[in-house]
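I opened this entry to keep track of what I looked up, in the order I looked it up. The notes follow the display.

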Amino acid sequence: MTESAPKPVLRIRDLVVEFKTEMGVIRALDKISFEVMAGESLGIVGESGCGKSVTALSILKLIPSPPGRIAEGSIELDGIEVVSQPEHEMRKVRGALASMIFQEPMTALNPVFTIGNQMVEVIRVHQKVSKTKAKKQAIEMLRTVNIESPEKRIDQYPHELSGGMRQRVMIAMALSCSPKLLIADEPTTALDVTVQAQVMEEIKRLQQEMNMGLILITHDLGVIAESCSRVLVMYCGKIIEMAETGELYKNPRHPYTRGLLDSIPRVRKEKLKTLPTIKGMVPDLADLPKGCRFADRCPKVEDRCRTEEPPLEDTEGGGKVACFHPN
Ligand SMILES: Nc1ncnc2c1ncn2[C@@H]1O[C@H](COP(=O)(O)OP(=O)(O)OP(=O)(O)O)[C@@H](O)[C@H]1O
Ligand code: SF4
Ligand SMILES: [Mg+2]
């Protein structure tokens, strides 16, 4: 088998996203840069409010505006710059180049239309096919995500399906135009534990079969260990560590990553959104400290950390870390 060199399906450079709030303008993302290769799965972790969803929404230009806006930087999807793309062009990009599945499928599905109606509509935005042909494709897609009797299911309404089934329908819709990049933002958090694993299996299998890039956003480092080849750790709108999954788990360089890893069992059991083993609070984006954003919680803090912001630099392990005293 010959393999062609992987190329990035997503390339983000120095992205800044701002929101206007009562406290002034805050930077939800502050100059983040990363890439995702075709067929690669990248996990994004970090505590609530660190900018994971804002990153995901930016890629599809779905940041609510106002109050938000992409203030600086570049986002290339399969070589196409999306930041400057007008909304009518973005409609073609969404679904075809990148699509997204969310935590709660009920908010993304319309309760008054059947599954079939909604899938047919999505397909026909991108392909010039008849309704009958689109419905056939939709049924095939439901079969692909392992929904039984798809011919019957397609005429049902969202409320007639279980949570796990609804999430499968969302996956089917997201994949109906064979996107190059799939973004899954906490795709299993709202599901029963038993169904979670099945849905994750499904996402992984389809990603490999379709050779898509995958961005998986989750609080659960355990899920990332099983599903992603590379991990990106965010803190207060910054990327603070990036590494191959095995390397990150074996040898976390940033004190924050170390704290996240130490708290895995408790997070899994109690489904906490905050991480109890890392003492202290995440600073307010409207009132960030000078220097390192993690300084107030860091066991290794020293004077320099309070005046200078550590840059994201290469590690010996092939990753990157933003810390003056990495492990
Ligand atoms: N609509 C909005 N209006 C104002 N500020 C916002 C808005 N959406 C996001 N933000 C800001 O951006 C920050 C990052 O939000 P984001 O939703 O990306 O967090 P997250 O990492 O996905 O958190 P969670 O794990 O809870 O989903 C928030 O802390 C908030 O300050
Ligand atoms: S730069 Fe300093 S405060 Fe920040 S994580 Fe590293 S050691 Fe801790
Ligand atoms: Mg989020």
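**Ligand shell**

I began with the residues around ligand 1, sorted by kind: eight are nonpolar, five polar and three charged. I noted at the outset that this is a predicted model.

Which residues are closest to ligand 1? I listed Ser48, Gly49, Lys52, Ser53 and Val54 as the closest of the 16 that surround the ligand. I then asked which elements each supply at least two residues of this shell, and found strand S2 (24–37) and H1. H1 gives the most, with three residues.

Next I looked up individual atom pairs. A polar side-chain atom of serine 48 lies 2.4 Å from an oxygen atom of ligand 1. For valine 54 the atom is a backbone N or O, at 2.8 Å from an oxygen atom of the ligand. Glycine 51 also places a backbone N or O atom by a ligand oxygen, at 3.1 Å. I then checked how much of the ligand is covered: on its own, ligand 1 has 630 Å² of accessible area, and the protein covers 69% of that.

**Whole chain**

I counted elements next and found twelve helices and twelve strands in the chain. The radius of gyration is 20 Å, close to the 20 Å that the globule rule gives for 327 residues, so I put the chain down as being as compact as a globular protein of that length. The C-alpha trace spans about 70 × 50 × 40 Å along its principal axes.

I looked up burial for the chain: 50% of the 327 residues are buried. The accessible surface comes to about 16,000 Å², and carbon and sulfur atoms hold 51% of it. Among contacts with a separation of 6 or more, 63% are between residues 24 or more positions apart.

**Helix H2**

Which residues of helix H2 (residues 87–96) are buried? I wrote down Met90, Val93, Arg94 and Gly95. I then looked for what covers these residues, and the cover includes helix H1 (52–59), strand S4 (68–77), strand S6 (98–101), helix H4 (115–126) and helix H7 (163–175). I had already met H1 in the shell around ligand 1.

**The loop between H1 and S4**

I stopped at this loop for its backbone. Most residues other than glycine have a negative phi, and most peptide bonds are trans. Lysine 61, which lies in this loop, has a positive phi near 50 degrees. I recorded lysine 61 as partly exposed because its relative accessibility is 24%.

Further along the loop I found proline 66 and proline 67. The peptide bond between serine 65 and proline 66 is cis, with omega about -5 degrees. The bond that joins proline 66 and proline 67 is also cis, with omega about 10 degrees.

**Two other loop residues**

Serine 149 is in the loop between helix H5 (131–144) and helix H6 (150–153). I noted a positive phi here too, near 40 degrees. Is serine 149 buried or partly exposed? Its relative accessible area is 36%, so I entered serine 149 as partly exposed.

My last stop was glutamate 302, in the loop between helix H12 (264–270) and strand S11 (313–314). At 32% relative accessibility, glutamate 302 counts as partly exposed. I also checked its separation from phenylalanine 324, which is 22 residues away along the chain: the two C-alpha atoms are 9.2 Å apart.

Key
Residues are numbered from 1 along each chain as its sequence is written. Chains are lettered from A and ligands numbered from 1 in the order in which they are written. This is a predicted model: local features need pLDDT of at least 70, side-chain atom pairs count only at pLDDT 80 or more; totals for chains, interfaces and linings use all residues. Side-chain values use heavy atoms; hydrogens and water are left out. Buried means under 20% relative accessible area, exposed over 50%, partly exposed in between (1.4 Å probe, protein chains only). Helices (H or I, at least four residues) and strands (E, at least two) are DSSP runs, numbered from the N terminus. Contact means heavy atoms within 4.5 Å. A residue is near a molecule or strand if one of its heavy atoms lies within 4 Å of it. A polar contact is a pair of N or O atoms within 3.5 Å; within protein, one must be able to donate a hydrogen and the other to accept it, and residues adjacent in sequence count only if both atoms are side-chain atoms. Accessible areas come from the Shrake-Rupley method with a 1.4 Å probe; for residues, only the protein chains shown count as cover. Ala, Val, Leu, Ile, Met, Phe, Trp, Tyr, Cys and Pro count as nonpolar, Asp, Glu, Lys and Arg as charged, and the others, Gly among them, as polar. The radius of gyration is taken over C-alpha atoms; the globule rule is 2.2 Å times the number of residues to the power 0.38.
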